[in-house]
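Trainee: I am new to this structure. Can we go through the terms used for it and test each one?

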Amino acid sequence: MDVVRKNIEKEGGTISIDSKAGQGTTFTLKIPLTLAIMDGMELAVGGSVFTMPITSIKQSFKFSKDQQLVRDTDGSEMIMLRGECFPLIRLHEIFQIPTEVTELSEGIVMQIENGDQIACIFADELLGEQQVVVKPLPSYLNSFNIKRSGIAGCTILGDGNISIILDVANLYSPFR
């Protein structure tokens, strides 16, 4: 198993093991999307562009009086939608990007999901949908544990700029 772990980590992936006495063991292998083509939604945050996999998006909307912003016991922001609360992830705060769009009513909110986890992310604006070629991050970044910060890879846009591809599963980590 050690050889499998080393080879998966060498490619930028992760492996986790969950074992329960008398029930068995579950191995979860997360292998990066290297040089794959995916449908993505381009988001602007300050002067940066991010790509969100379309398969992770449930809906996007402008925050209005119909929605309610509340705080949980830890002080984290939550959005109330149709009677349910969802954590709010402000991309400019997570990635420390200066932006003038900080009020929810000025930007766009996108409800995203990963399995049974659902959250809302806040960005300045949606730029549009396009197919992108997923490029892996350089291996020297693995020592900075960048995979756990919500970044899955990157892509080169049609204008030559680089867009960071968001990893929905790891965007949730501050809310676990």
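Mentor: Gladly. Keep in mind that this is a predicted model. Let us begin with strand β8.

Trainee: What makes β8 largely enclosed by the rest of the structure?

Mentor: Count its residues. Of the 7 residues of β8, 5 are buried, so the strand is largely enclosed. Buried here means under 20% relative accessible area.

Trainee: Which strands does β8 pair with, and how do you know that they pair?

Mentor: A pair of strands needs at least two bridges. β7 and β8 are joined by 4 bridges and run antiparallel. β8 and β10 (residues 117–123) are joined by 3 bridges and run parallel. Both counts meet the cut-off, so both are pairs.

Trainee: Which residues stand opposite each other there?

Mentor: Between β7 and β8, Met 78 stands opposite Pro 87. Between β8 and β10, Arg 90 stands opposite Phe 122.

Trainee: What is the order of the strands in the sheet?

Mentor: The sheet is open and has 6 strands, in the order β5-β9-β10-β8-β7-β6. Its pairing is mixed.

Trainee: Why are β5 and β6 called edge strands?

Mentor: β5 (57–61) and β6 (68–71) each pair on one side only. On average, neighbouring strands of this sheet are turned by 35° against each other, direction ignored.

Trainee: How do you know that β6 pairs with β7?

Mentor: They share 4 bridges, against a cut-off of at least two, so they count as a pair. The sense is antiparallel, and β7 covers residues 77–81. One bridge partnership sets Val 70 against Met 78 in β7.

Trainee: What lies between β7 and β8 in their hairpin?

Mentor: There are 2 residues between the two strands. Arg 82 is in that turn, with a positive phi of about 45°.

Trainee: Why is that phi worth a remark?

Mentor: Most residues other than glycine have a negative phi. Arg 82 is not a glycine, yet its phi is positive. Gln 96 is another such case, with a phi of about 50°. Gln 96 is found in the loop between α2 (91–94) and β9 (108–114).

Trainee: Are Arg 82 and Gln 96 buried or exposed?

Mentor: The cut-off for exposed is over 50%. Arg 82 has 69% relative accessibility, so it counts as exposed. Gln 96 has 71%, so it is exposed too.

Trainee: What makes the charge of Arg 90 sit over a ring?

Mentor: The charged end of Arg 90 is 5.4 Å from the centre of the Phe 122 ring, over that ring. The distance limit is within 6 Å, so 5.4 Å passes.

Trainee: Why is the link between Glu 77 and Arg 90 called a polar contact?

Mentor: Their side chains are joined at 2.6 Å. The limit is within 3.5 Å, so the distance fits. Glu 77 lies in strand β7. With 13% relative accessibility, Glu 77 counts as buried.

Trainee: How many aromatic pairs does the structure hold?

Mentor: It holds 1 aromatic pair. Phe 50 and Phe 95 form it, with 5.2 Å from centre to centre and 25° between the planes.

Trainee: Why is the pair called stacked?

Mentor: Centres must lie within 6.5 Å, and planes under 30 degrees apart count as stacked. The pair has 5.2 Å and 25°, so it meets both conditions. It links distant parts of the chain, 45 residues apart. Phe 50 is in strand β4 (residues 48–53), and Phe 95 is in the loop between α2 and β9.

Trainee: Are these two residues buried or exposed?

Mentor: Phe 50 is at 4% relative accessibility, so it is buried. Phe 95 is at 19%, so it counts as buried as well.

Trainee: How do you know that Cys 85 and Cys 120 are not bonded?

Mentor: A disulfide needs sulfur atoms within 2.5 Å. The sulfur of Cys 85 is 10 Å from that of Cys 120, its closest cysteine sulfur, so they are too far apart for a bond. The count of disulfides is therefore 0.

Trainee: Which of the terms buried, partly exposed and exposed fits each cysteine?

Mentor: Cys 85 is at 35% relative accessibility, so it counts as partly exposed. Cys 120 is at 0%, so it is buried.

How values were computed: Residues numbered from 1 in each chain as written. Predicted model: local features only at pLDDT ≥ 70, side-chain atom pairs only at ≥ 80, totals over all residues. Heavy atoms only, no water. Axes fitted to C-alpha atoms, helices over the stretch in contact; angles between N-to-C directions. Buried < 20%, exposed > 50% of the residue type's maximum accessible area, 1.4 Å probe, protein only. Phe/Tyr/Trp six-rings, centres within 6.5 Å; stacked < 30°, edge-to-face > 60°. Lys NZ or Arg CZ within 6 Å of the ring centre and 35° of its normal. Polar contact = N/O pair within 3.5 Å; in protein donor to acceptor, adjacent residues only side chain to side chain.
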